[in-house]
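Visitor: I would like to learn how to read a fold from its contacts, its core and its backbone angles. Could you walk me through an example?

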Amino acid sequence: MTFSYNACVGAVVRVARQRLDITQEDLAARAGLVGKSRVSAVELGRYNVTLDTLAGIAEGLQVTPSALLRVADRVVSLAELGGMRYDPTGDGTIDARRLEAVNAWCRQAWGEVMNYTFPNDKGTR
């Protein structure tokens, strides 16, 4: 099983958004994006995120862009330890079978890298 960096960034964004208990529409509005379709594409790893988009999403999630990237880097490491292989040329998606593991790695990475508790933490949905 392979994954791309876009998939890891997307998973980190999704987990952070869920922990804040906000919708994709809410995040799009906070990030200055046109609609939830861009947030959805980012979360699914189907969008090559620009620095401007990353900065907007980070602001919407109440973190810094560097925090998102540090957490995504840690998720890459955890995924590799979990038997997934990083492939920068992959299609960017993570299949449903592995999604729960990736979500767990994201939650673990937020704690390890940032020692971070989300404001109004609601857990995951």
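Guide: Gladly. Let us begin with contacts along the sequence: among those in the protein chain with a separation of 6 or more, 74% join residues 24 or more positions apart. Please keep in mind that this is a predicted model.

Visitor: How many helices and strands does the protein chain have, and in what order do the elements run?

Guide: The protein chain has 6 helices and 2 strands. Starting at the N terminus, the order is β-α-α-α-α-α-β-α.

Visitor: What share of the residues is buried, and what do carbon and sulfur atoms supply of the exposed area?

Guide: Of the 125 residues in the protein chain, 43% are buried. The chain exposes about 6,300 Å², and 48% of that comes from carbon and sulfur atoms.

Visitor: How should I read the largest nonpolar core, and which residues touch the most other members?

Guide: The general idea is that nonpolar side chains tend to be buried together in soluble globular proteins. Here the largest nonpolar core holds 36 residues, and those touching the most other members are Val12, Ile57, Leu61, Leu68, Val75 and Trp110. At least two residues of this core come from each of α1 (5-19), α2 (24-31), α3 (36-43), α4 (51-60), α5 (65-81) and α6 (96-114). The largest share, 8 residues, is supplied by α5.

Visitor: Let us take one core member. Which residues does valine 75 contact, leaving aside its neighbours within four places in sequence?

Guide: Valine 75 is in contact with Cys8, Val12, Trp105, Cys106 and Ala109.

Visitor: And α4: which of its residues are buried, and what do they pack against?

Guide: The buried residues of α4 are Thr53, Leu54, Gly56, Ile57, Ala58 and Gly60. Their packing partners are α1, α2, α3 and α5.

Visitor: Now the backbone. How do I read phi, and what is the phi of glutamine 62?

Guide: As a rule, most residues other than glycine have a negative phi. Glutamine 62 is not a glycine, yet its phi is positive, about 65 degrees. This residue comes just after α4, in the loop between α4 and α5.

Visitor: Is glutamine 62 buried, exposed or partly exposed?

Guide: Glutamine 62 is partly exposed, at a relative accessible area of 42%.

Visitor: What about aspartate 21: what is its phi, and where is it found?

Guide: Aspartate 21 also has a positive phi, near 60 degrees. It sits in the loop between α1 and α2 and is partly exposed, with a relative accessible area of 40%.

Conventions. Residues numbered from 1 in each chain as written. Predicted model: local features only at pLDDT ≥ 70, side-chain atom pairs only at ≥ 80, totals over all residues. Heavy atoms only, no water. Core = buried A, V, L, I, M, F, W, Y, C linked by side-chain atoms within 4.5 Å. Buried < 20%, exposed > 50% of the residue type's maximum accessible area, 1.4 Å probe, protein only. Helix = DSSP H or I, 4+ residues; strand = E, 2+ residues; numbered from the N terminus. Contact = heavy atoms within 4.5 Å. Areas by Shrake-Rupley, 256 points an atom, 1.4 Å probe, with all protein chains shown as cover.
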